[in-house]
Amino acid sequence: LYLVKGVGCNVASFVGQDGVLIIDSGYRNQSAKILSVLKEITGDPVRVVVNTHFHYDHAGGNEVFAEQGAMIVAHQNTRNRMTKEWRVPEIMGIKQPTIPPYPEICLQKITFNESLTIHINDETIHAIHIPGGHSDSDIIIHFYKANVIHTGDLYLSNGFPVIDNLHGGSVNGYIVAVDKIIHLCNENTKIIPGHGPVSDREKLITYRDMLTTARDRIKIMIQEGMTLEQIVLADPISEFYKGGKSWLPPKMFIFCVYHDFAIQ
């Protein structure tokens, strides 16, 4: 198992006698970098691409690998979402690009609903759907023998999470998802997050506790009648992330909690 960084997301590459399987395909314009790294590791082609969900920083490179013969796999909701335009409003001064529907070649040829098992390179890989957290399409990938879990964006080890409230995500669902991942881990499990450094069960528990405390603090402020702007100005959670500067500004997490509990 190898990790390719700096291509939009954490791309895991599993290399063996049956060929190469990768988890996520990153930004489309970073596909050449991924292929260059893989060429240093192996001369074998990518046979399978597993998308953890539908966001463009995780599935943007699908076309390049499909053109080279890779089979793309994901949850059915990932394919459904990729056939439609993805557009979100500007949130807290942060803009996202509008992503048009993907061409057919980018779409998954194999989809599933609850779970899927892949047997490749003498490994048993479980892909498990955990909806309602980051979005409605997210899966985690558990390399059973290697004791490695790729969480996609159901865990970000470098800060507060992105929660796509407009496409099936929720703060409570996200915390539930993290709990489910924790229960699949032991003290030796290596965890590959969607973004950020490789992690472990202890750090994931700390992350879950941070999110729970942050959510509860914001929820109390909502119940006291504070507006979104007042809560952001009060800056109630900036000290919670202890791993350095959060990849996502804390105000975005405040917005997600506010969206879930104040906007009905």
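**Phe143**

I looked up Phe143 first and found it in strand β9, which covers residues 139-143. This is a predicted model, so I am reading computed positions throughout. I then checked whether Phe143 is buried or exposed. Its relative accessible area is 0%, and the cut-off for buried is under 20%, so Phe143 counts as buried.

Which residues does Phe143 contact, leaving aside neighbours within four places in sequence? I listed Leu1, Phe14, Leu21, Ile23, Glu123, Thr124, Ile125 and Val148. I also took one distance: Phe143 and Val20 lie 14 Å apart, C-alpha to C-alpha, with their positions 123 residues apart in sequence.

**The open sheet**

Next I traced a sheet of 6 strands. The sheet is open, and its order is β1-β2-β3-β4-β5-β6. The pairing in it is mixed. β1 (2-4) and β6 (110-112) are the edge strands; each has a single partner, so one side of each has no neighbour in the sheet. From one strand to the next, the twist averages 20 degrees.

I looked at one pair inside this sheet. Strands β3 (residues 19-23) and β4 (residues 46-50) run parallel and are joined by 4 bridges. Ile22 has Val49 of β4 opposite.

**The cores**

I turned to the largest nonpolar core, which has 39 residues. Which of them touch the most other members? They are Phe160, Tyr174, Ile181, Leu211, Ile218, Ile237 and Phe253. At least two residues come from each of β10 (148-156), α5 (171-184), α6 (201-223), α7 (228-234) and α8 (250-261). The most come from α6, which gives 8 residues.

I followed Phe253 further. Not counting residues up to four places away in sequence, Phe253 touches Phe160, Pro161, Ile163, Val171, Leu211, Ala214, Arg215, Ile218, Ile237 and Leu248. I also noted a second, separate core of 17 residues, with Leu21, Ala127, Ile139 and Ile192 among them. In soluble globular proteins, nonpolar side chains tend to be buried together.

**α5 against α6**

Last I checked how these two helices pack. The angle between α5 and α6 is about 160 degrees, and their axes are 10 Å apart. An angle over 145 degrees counts as roughly antiparallel, so α5 is roughly antiparallel to α6. I recorded the crossing of α5 and α6 as left-handed.

Which residues meet where α5 and α6 pack? From α5 I wrote down Val171, Asn172, Tyr174, Ile175, Val178, Asp179, Ile181 and Ile182. They meet Arg201, Leu204, Ile205, Tyr207, Arg208, Leu211, Thr212 and Arg215 of α6.

Terms used: Residues are numbered from 1 along each chain as its sequence is written. This is a predicted model: local features need pLDDT of at least 70, side-chain atom pairs count only at pLDDT 80 or more; totals for chains, interfaces and linings use all residues. Side-chain values use heavy atoms; hydrogens and water are left out. Two strands pair if DSSP finds at least two bridges between them. Axes are lines fitted to C-alpha atoms, for helices over the stretch in contact, and angles run from 0 to 180 degrees between N-to-C directions. A nonpolar core is a set of buried Ala, Val, Leu, Ile, Met, Phe, Trp, Tyr and Cys residues joined through side-chain atoms within 4.5 Å. Buried means under 20% relative accessible area, exposed over 50%, partly exposed in between (1.4 Å probe, protein chains only). Contact means heavy atoms within 4.5 Å. Angles under 35 degrees count as roughly parallel, over 145 as roughly antiparallel, 65 to 115 as roughly perpendicular and the rest as oblique. A crossing is left-handed if the near helix is turned anticlockwise from the far one by less than a right angle, and right-handed if clockwise.
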